[in-house]
Amino acid sequence: APASGDGRARVLAKPPVRKLAKDLGIDISTVTPTGPNGTVTREDVQAAAAPVADTA
Amino acid sequence: MASEASEVDVIVLGGGSGGYAAAFRAAELGLSVTLVEKDKVGGTCLHYGCIPTKALLHAAEVADVARDGERFGVTSTVTGIDMAKVNEYKNGVVGRLHKGLQGLVKANKVNLVEGAGRLVGPNTVEVDGTRYTGRHIVLATGSHARSLPGLDIDGSKVLTSYEALELDRVPASVVVLGGGVIGVEFASVWRSFGAEVTIVEALPRLLPGEDEASSKIVDRAFRKRGMAIKTGSRFAGVEHTDDGVSVSLENGETVEAEMLLVAIGRGPVTEGLGFSETGVGLDNGFVATDERLRTSIPGVYAVGDLVAGLQLAHRGFAHGIFVAEDIAGLDPVPVEDAGIPRITYCDPEVASVGLTAAAAQERLGTDKVTTFDYNLAGNGRSQILATQGSVKVVQEVDGPVLGVHMVGGRIGELIAEAQLIYNWEALPAEVAQLVHPHPTQSEALGEAHLALAGKPLHVHG
Amino acid sequence: MASEASEVDVIVLGGGSGGYAAAFRAAELGLSVTLVEKDKVGGTCLHYGCIPTKALLHAAEVADVARDGERFGVTSTVTGIDMAKVNEYKNGVVGRLHKGLQGLVKANKVNLVEGAGRLVGPNTVEVDGTRYTGRHIVLATGSHARSLPGLDIDGSKVLTSYEALELDRVPASVVVLGGGVIGVEFASVWRSFGAEVTIVEALPRLLPGEDEASSKIVDRAFRKRGMAIKTGSRFAGVEHTDDGVSVSLENGETVEAEMLLVAIGRGPVTEGLGFSETGVGLDNGFVATDERLRTSIPGVYAVGDLVAGLQLAHRGFAHGIFVAEDIAGLDPVPVEDAGIPRITYCDPEVASVGLTAAAAQERLGTDKVTTFDYNLAGNGRSQILATQGSVKVVQEVDGPVLGVHMVGGRIGELIAEAQLIYNWEALPAEVAQLVHPHPTQSEALGEAHLALAGKPLHVHG
Ligand SMILES: Cc1cc2nc3c(=O)[nH]c(=O)nc-3n(C[C@H](O)[C@H](O)[C@H](O)COP(=O)(O)OP(=O)(O)OC[C@H]3O[C@@H](n4cnc5c(N)ncnc54)[C@H](O)[C@@H]3O)c2cc1C
Ligand SMILES: Cc1cc2nc3c(=O)[nH]c(=O)nc-3n(C[C@H](O)[C@H](O)[C@H](O)COP(=O)(O)OP(=O)(O)OC[C@H]3O[C@@H](n4cnc5c(N)ncnc54)[C@H](O)[C@@H]3O)c2cc1C
């Protein structure tokens, strides 16, 4: 099981994508990864940031 | 009565790094912009700061290289420094860049008003009797050299950087008051040009804003270059003598020299410009702003050296761009000082980004911070360049890189990479997975990250 | 009969960049390692490649700087190049790094076997009659300079880089056959040292592996430096003359010179070492591997110049580290050539990472690729250094950076930052959000990203 606490070091994402999540105010450890080997992609972060209405 | 100009979206007061960046970006975003400048666009950085000092530092490097050619097998000699030609070169660089910048003012369709402006209302700037109103105002009047009470700048024996840049000769000897960035850069230039140099700094070390390890290396290198360094020494007074000055220190010592450079810091240009009269809140002389660079008056922003913090041209650029984008409603991410790269262009160069080891330890606790210091003796390219120094990386234990601190010839350019690592909060292992080109100085940065990731390659015990 | 040594986890055959990196990393990971080297640890790069050439290039830079001092106001002159001293300096650098590396072999507890090894079985290497068995074998025998049929290297008039590094004088004139990395680096050195230089290249441009824009700038700069460049010219033959050589081209031209440098490429060292006899699959002379650097024999890997692709020392490091981690079961990410930074250290320097514009267009379609070319004329620091060139960034439309291509004095170090941008698949806007230090050459990289992000700052029309 993933260690609790500081998820930042454990989530797989390219550094600029982690920065994007931070700028958008998103906790990247809550984003569902769709990239290779469970990597969080830029698109995953953007999807998590998009207002729910967009998906309607 | 004053005449009135039609209202624009943005008035920028001051055409230095912060001001022109705000003006250009605002214009790019379709806003109408008036830029008020009383001297020359480009401000301190282009005309009296970054560019002319770095030209002098390059001439200094050329002198050192040519003097030291034998060591590399090149039979070369230096017979003198021709300050007239040095200045011609320096002014040539400034002139070309100034011309380019003037072209950009036109290309961006920024309305340049030449003259001294004054804030006369929350939306209004007055220049030579004409009133300009803007939906937004950006204050960008920059900074000027500070002095001490009783320490009068006469421009010939007691100088600030402003006068020092115009010297038509190399002083035989000079006392540099202040071991901060500007002080050590001038000290480095003059030493390379052959002067006897004494640096006086009240704090216990040179470059007190840098990581202690960096200060130590510079101190050692400067002494090796033959400079006298008096840290922890407070200035008491200066007297003019027949051939120069006699500088006395609080500890009773005196130092004689041809000139005294006063480089004890720069203060904001906020007085007599109507700022406080109009209600712009000041703090210690600087314009008080929030993290979005908003002053106490709605619609009025401040950028650059006016805002307390790092006094750097590229911080001004970043501020200017931020404010323009904020005005245009793009909701940009605020600019944080810690993420702004810092370079001191003395020999050896010093560069850093992020937190010092001490600051990181203070913030996170000693046991949460680890550092690795890679000595440039292990770096092939540095051996080739015959330079010494180190690359120190500060890391949160099991976490991202918190700071990078480097000293060495030509090391300044490397901080651009470190800046990405710091701002993108990369883990050492993520940097270590990638490969640095061989043989470069950048490999030292790579080696430090390899070591922190537990996989050192060229690390000597 | 051969004696037997006890089995180890890893035998590495060849102690160059690829081999020693594999050995060190394997040892760090707790594996027992035997490293076989017939000459000197450090291999081509340290003794006959990267390091000595870059020392010569630095001496060349020193000569140029000292010769050109007047331009910066430094009254300097160069009266000669003392090749004995140049070589002393160069050998000093190599010697110090070699000593350091020998220390690392010991510190890492790698068992160094000095002698020529031969693969005699899928787990066995024989050296001077002793058989060493290893659970894994890493082939790392590197590469050697190639020649053409009928083109004999005599070591005095017709040389490869190997002999060229040992010259005790500067040739009055030289023909460089091959306009690739090694060719242009030697051409650059000799020109700075005062030789008449002619480069002959069969392909239509210098540095054919680089983006076409880079080749063009180097071509122009080299011509301005007084070199003769014959691209699209095929070598026909060489004759020895009384004072040198006469080189004839297929187009009927002949060029006379004191020496001919043959720099037409390097081939793998795979013959006579038992590779094919033992069943190691070869491809065009190179060892055939999959992306995890596995050869056709289980447990046998190949790294570095033996593996077709970029011939670079740091690729060797990356390969070596990868294989060691793979053997140790860490499941590392394969090393891709495109992400490896490339530098040519001639004057002006050339550096790149990722795809050329042409390659990107071929891969994604012309309309899916955009590029921005920032001229160093707009970069303050480059003006100060008096260097010309450009920074070109290739981007997928609305997507990440696909390649970076730079030319200019001292530009090589900047590719370390570009390498992060490329490998981390950053968007121009993500780079543009951060600020590059002023005044540096790295700002040119920043400006190119600002422009691609739609927010140019110092971009001249
Ligand atoms: C010697 C020296 C070396 C430096 N080297 C570097 C370096 O290498 N790198 C670096 O990043 N930074 C360097 N700096 C700092 C850098 O110059 C400043 O951080 C930068 O110039 C700040 O920009 P600014 O726009 O805030 O102010 P300024 O550049 O000071 O611009 C303010 C402008 O406002 C104008 N102005 C003022 N009052 C009025 C008015 N009432 N009406 C109209 N116009 C007005 C001024 O004429 C000026 O043009 C150096 C500074 C000095 C002094
Ligand atoms: C002139 C020149 C300049 C270069 N400049 C650069 C540069 O600036 N940057 C860069 O990245 N790359 C540069 N290179 C390329 C770089 O040197 C190679 O990519 C690198 O050395 C490859 O490493 P390697 O370990 O594969 O092979 P090598 O370094 O060639 O090492 C192979 C080793 O194996 C040993 N060996 C061979 N056969 C046997 C055997 N049978 N038994 C025992 N030992 C054996 C050899 O003695 C040698 O030490 C340059 C090359 C040259 C020639």
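**Close-up views of chain B and its copy**

**View 1. Phe372(B) faces a residue of the adjoining strand.** In this predicted model, Phe372(B) stands opposite Val393(B), which lies in strand 24 of chain B. Strand 24 of chain B, made of residues 390-396, is joined by 7 bridges to strand 23 of chain B, and the two strands run antiparallel.

**View 2. The open sheet of chain B is shown with its edge strands.** In chain B, 5 strands in the order 21-22-25-24-23 make up an open sheet with antiparallel pairing. Strand 21 (342-344) and strand 23 (369-375) of chain B each have a single partner strand and stand at the edges, so that one side of each is left without a neighbour in the sheet. From one strand to the next, the twist averages 10°.

**View 3. The domains of chain B are shown with the separation of two of them.** The domain assignment of chain B divides it into domain 1 (8-145 + 267-337), domain 2 (158-264) and domain 3 (348-453). Taken over C-alpha atoms, the centres of domain 1 of chain B and domain 3 of chain B are separated by 30 Å.

**View 4. Chain C is shown superposed on chain B.** A turn of 180°, with a shift of 0.0 Å along the axis, lays chain C on chain B with an RMSD of 0.0 Å. The two copies are therefore related as by a two-fold rotation axis. Both copies are served by the same surface, since 100% of the contact residues of chain C recur in chain B.

Conventions:
Residues numbered from 1 in each chain as written. Chains lettered and ligands numbered in written order. Predicted model: local features only at pLDDT ≥ 70, side-chain atom pairs only at ≥ 80, totals over all residues. Heavy atoms only, no water. Domains from an automatic or database assignment. Pairing = 2+ DSSP bridges. Helix = DSSP H or I, 4+ residues; strand = E, 2+ residues; numbered from the N terminus. Axes fitted to C-alpha atoms, helices over the stretch in contact; angles between N-to-C directions. Least-squares fit on C-alpha atoms with pLDDT ≥ 70 in both. Contact = heavy atoms within 4.5 Å.
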